[in-house]
Amino acid sequence: MGTPFHVGLTGGIGSGKSTVAALLARLGAAVIDADAIARQLTAPGGRAMPAIAQQFGPDFVTPEGALNRDRMRALAFTDPGAKKNLEAIIHPLVAEETTRQTGAAEQAGHPCLVFDVPLLVESARWRQKVDHVLVVDCLPETQITRVMARNGLTRAAVEAIIAAQSQRLRRLQAADSVIFNDGLTLQGLSTEVAMLAPRFKLSLESAH
């Protein structure tokens, strides 16, 4: 089977990164989603929750036993140290689960592993772990429109999220390939992904 090809997938909020990940999965790639892992860790009964309760107190845990995201967001906004403390709890657990999922995907014989990592560009560790960086890009105005429609957020809220993410130019400079997902239909996006498939050891015949 050989060593699977490792793709680092990144893009700003509303760029269509999750859709590209799903299209790659249909072609036989295993997708390892860092954000989804972090959400599991901070869900009710998640492995990060005992340490979060100990570090921040019961006020930061919902009645269901999950991370109180609104309260944490408000604290992180006023106290930069809080975000670092939270990351110190979550990041090692995300790394551990990523390693476990990577091993399982390799055992299952996937030809390509896609690591869906929002802050891939900022992390030197990630750049060394992947063979190829794929960036899904679109115009900032398109991001704002999509996220306002999808999440019901205000323009100011979306702009704040975009500002907190990696700068667009920095992402594009780090890319080995870019899918410009602006004005593309789903079919058009599928075609863009299909064109990259052979480079990623993926076969269009295996689409399901």
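## Two buried residues and two helix pairs

T102 is buried, with a relative accessible area of 13%. The model in which this value was computed is a predicted one. T102 belongs to helix 5, which spans residues 80-107. Apart from neighbours within four places in sequence, T102 has contacts with I32, L113 and F115.

A second residue, D116, sits in strand 3, made up of residues 112-116. Is D116 buried or exposed? D116 has a relative accessible area of 2%, and because the cut-off for buried is under 20%, D116 counts as buried. Which side chain does D116 join through a polar contact of 2.5 Å? The partner is K17. K17 also appears among the residues in contact with D116 once neighbours within four places in sequence are left aside. That list further holds L9, A21, V31, I32, D33, A34 and D35. I32 is thus a contact of D116 and also a contact of T102.

The two buried residues are set side by side below.

| Residue | Element | Relative accessible area |
|---|---|---|
| T102 | helix 5 (residues 80-107) | 13% |
| D116 | strand 3 (residues 112-116) | 2% |

Helix 5, which holds T102, packs with helix 3 (residues 49-56) at an angle of about 150°, and the two axes are 10 Å apart. Angles over 145 degrees count as roughly antiparallel, and helix 3 and helix 5 are therefore roughly antiparallel to each other. Their crossing is right-handed. On the helix 3 side the contact is formed by A51, I52, Q55 and F56, and on the helix 5 side by A82, N85, L86 and I89. By class, the residues of this contact are six nonpolar, two polar and no charged.

The other helix pair consists of helix 1 (residues 17-26) and helix 10 (residues 186-196). Their axes come within 10 Å and cross at roughly 60°, which makes helix 1 oblique to helix 10. What is the handedness of the crossing of helix 1 and helix 10? The crossing is right-handed. Helix 1 contributes T19, V20, L23 and L24 to the contact, where they meet L186, L189, S190 and V193 of helix 10. The residues of the contact of helix 1 with helix 10 comprise six nonpolar, two polar and no charged.

Methods
Residues are numbered from 1 along each chain as its sequence is written. This is a predicted model: local features need pLDDT of at least 70, side-chain atom pairs count only at pLDDT 80 or more; totals for chains, interfaces and linings use all residues. Side-chain values use heavy atoms; hydrogens and water are left out. Axes are lines fitted to C-alpha atoms, for helices over the stretch in contact, and angles run from 0 to 180 degrees between N-to-C directions. Helices (H or I, at least four residues) and strands (E, at least two) are DSSP runs, numbered from the N terminus. Angles under 35 degrees count as roughly parallel, over 145 as roughly antiparallel, 65 to 115 as roughly perpendicular and the rest as oblique. A crossing is left-handed if the near helix is turned anticlockwise from the far one by less than a right angle, and right-handed if clockwise. Contact means heavy atoms within 4.5 Å. Ala, Val, Leu, Ile, Met, Phe, Trp, Tyr, Cys and Pro count as nonpolar, Asp, Glu, Lys and Arg as charged, and the others, Gly among them, as polar. Buried means under 20% relative accessible area, exposed over 50%, partly exposed in between (1.4 Å probe, protein chains only). A polar contact is a pair of N or O atoms within 3.5 Å; within protein, one must be able to donate a hydrogen and the other to accept it, and residues adjacent in sequence count only if both atoms are side-chain atoms.
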